[in-house]
Amino acid sequence: MLRIGMLTSGGDCQALNAAMRGVVKCVLNNSKEPVEIYGFEDGYKGLIYSRFRMLTGKDFSGILTRGGTILGTSRVPFKTIHDPDENGLDKVAAMKQNYYKLQLDCLVMLGGNGSHKTANLLSEEGLNVITLPKTIDNDLWGTDMTFGFQSAVDIATKAIDQIHTTASSHGRVFIVEIMGHKVGWLPLNAGIAGGADIILLPEIPFDINKVVDKIEERDKAGSRFTIIVVAEGAISKTDAALSKKDYKKKLENYKYPSVSYEIADLITKKTGREVRVTVPGHVQRGGEPCPYDRVFASRLGAEAGKLILKREFGYMVGYKNREMVKVPLAEVAGKLKTLDPKSDIIKEAKLLGICFGD
Ligand code: F6P
């Protein structure tokens, strides 16, 4: 008997179901022994509190195109993983206990950055763990691509496209705030695909005067509107120069809902121009996966299935230099894959005339 536990952790994204389906199809089609699948509900919470349901191949049928996750998900922050819960329960010990009680042969975890720290911890604690890289942010170390990212790029691009027509009708400056947490992969790609004039990213602190110069340059050239894509983690040069303590203090008294509104306010004060802010938000994580993500997640799932059948554990399945790879969890955990401001894609975007405010 091969017993596989499975959970999805952290913020959801498109193609979680496609990836789980890939794992299960591969294992069921190729295992020489009977297989039992234990689906833990709501991420690590399910493993901590022993909330699971037994799943069969049928549960994974018809979910290739379905958004969200059939298992549910939640955030169980790694920084408090060693703190007892409100009833004094040791969460790590509970996860281990439930794993052994069910006699699992392995745990498959689909998650992003924070979730990989917990996966690595469980692996170091002796559990057999295999992970798959999910997140719209594409910020996981050890893989060039995460599933969910391309679907989110599609949605964010569509949002910028929609703004384009209304911005040009009204001759307005528009800010579209794009997710991505602390990195700029999603805003950069959607910004280029959506023809943004200015893209502000966490990795390239901006000077608001450079942003204003670009808007005025466009005005003088007869362009009636300007589209600015702002990463939710964008930061000004002034703020980036602050000490951690002073920056925290600034945020404590922050009067804006997000950085985009602060930028809009500054632009209006400096130019007198009308600025509108659009925040697509969680729309970017919702709905069905795009075809690329369906294929990619299915491939990752199959590769994970292969590792399970070979009893090779302690890895995240990733994609590097156009090849599927297995990356030791210890290498992935705790690292962020940020954009290099000197990378070709940034240089090419600059050649296209896109301003990064630097
Ligand atoms: O990590 C995915 C992500 O959507 C980020 O882009 C965003 O910063 C964050 O999750 C939002 O988290 P929550 O769903 O908890 O509001």
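Select Asp42 to begin: this residue is partly exposed, with a relative accessible area of 26%. The model you are looking at is a predicted one. Asp42 sits in the loop that runs between strand S2 (35-40) and helix H2 (44-48). Now look at the backbone here: Asp42 has a positive phi of about 55°, although it is not a glycine.

**A second residue with positive phi**

Next, select Asn321. Phi of Asn321 is near 45°, again a positive value in a residue other than glycine. You will find Asn321 in the loop between strand S10 (315-320) and strand S11 (323-328). Is Asn321 buried or exposed? Asn321 counts as exposed, because its relative accessibility is 65% and the cut-off for exposed is over 50%.

**Into strand S11**

Move along to Met324, which is found in strand S11. Met324 counts as buried, because its relative accessibility is 18% and buried means under 20%. Now add Phe296 to your selection and display the C-alpha atoms. How far apart in space are Met324 and Phe296? Their C-alpha atoms are 9.9 Å apart, while the two residues are 28 residues apart in sequence.

**The ligand and its surroundings**

Now select the ligand. The space that the ligand takes is the largest pocket. Which residues are around the ligand? Show Arg75, Ile136, Asp137, Met179, Gly180, His181, Glu232, His282 and Arg285, and you have the set. Try colouring them by class: the shell around the ligand has 2 nonpolar, 3 polar and 4 charged residues.

Three of these residues are good stops for checking distances.

- Start with Glu232: a polar atom in the side chain of Glu232 lies 2.5 Å from an oxygen atom of the ligand.
- Go on to His282: an N or O atom in the side chain of His282 is 2.9 Å from an oxygen atom of the ligand.
- Then pick Gly180, and look at the backbone this time: a polar backbone atom of Gly180 is 3.2 Å from an oxygen atom of the ligand.

How much of the ligand does the protein bury? Taken alone, the ligand exposes 400 Å², and the protein buries 72% of that.

**From Glu232 to helix H5**

Keep Glu232 selected and add Gln162, which is found in helix H5 (residues 149-170). Computed along the chain or across space, you can describe this pair in two ways: Gln162 and Glu232 are 70 residues apart in sequence, and 19 Å apart in space from C-alpha to C-alpha. Gln162 itself is partly exposed, because its relative accessible area of 47% falls between the cut-offs of 20% and 50%.

**Two side chains that reach a backbone nitrogen**

Select Thr69, in the loop between strand S3 (52-55) and helix H3 (91-101). Thr69 counts as buried, at 18% relative accessibility. Which backbone nitrogen lies 3.0 Å from a polar atom of the Thr69 side chain? Select Leu71 and you have the partner: the backbone nitrogen of Leu71 lies at that distance of 3.0 Å.

For another contact with a backbone nitrogen, go to Asp340. Asp340 is found in the loop between helix H12 (329-332) and helix H13 (344-351). A polar atom of the Asp340 side chain lies 2.8 Å from the backbone nitrogen of Lys342. Asp340 counts as partly exposed, with a relative accessibility of 43%. Before moving on, add Thr143 to the view: Asp340 and Thr143 are 197 residues apart in sequence, and their C-alpha atoms are 15 Å apart in space.

**Last stop: helix H4**

Finish with Asn120, whose place is in helix H4 (residues 113-124). Is Asn120 buried or exposed? Asn120 is buried, because its relative accessible area is 11% and the limit for buried is under 20%. To end the tour, select Phe356 as well and zoom out until both residues are on screen. The C-alpha atoms of Asn120 and Phe356 are separated by 36 Å, and the two residues lie 236 residues apart along the chain.

Note on methods:
Residues are numbered from 1 along each chain as its sequence is written. This is a predicted model: local features need pLDDT of at least 70, side-chain atom pairs count only at pLDDT 80 or more; totals for chains, interfaces and linings use all residues. Side-chain values use heavy atoms; hydrogens and water are left out. A residue is near a molecule or strand if one of its heavy atoms lies within 4 Å of it. A polar contact is a pair of N or O atoms within 3.5 Å; within protein, one must be able to donate a hydrogen and the other to accept it, and residues adjacent in sequence count only if both atoms are side-chain atoms. Accessible areas come from the Shrake-Rupley method with a 1.4 Å probe; for residues, only the protein chains shown count as cover. On a 1 Å grid over the protein atoms alone, a cavity is a set of points where a 1.4 Å probe fits but cannot get out, and a pocket is an open set with protein on both sides within 12 Å along at least five of seven lines; lining residues have an atom within 4 Å of a point. A molecule sits in a cavity or pocket if more than half of its atoms lie within 2 Å of its grid points. Ala, Val, Leu, Ile, Met, Phe, Trp, Tyr, Cys and Pro count as nonpolar, Asp, Glu, Lys and Arg as charged, and the others, Gly among them, as polar. Helices (H or I, at least four residues) and strands (E, at least two) are DSSP runs, numbered from the N terminus. Buried means under 20% relative accessible area, exposed over 50%, partly exposed in between (1.4 Å probe, protein chains only).
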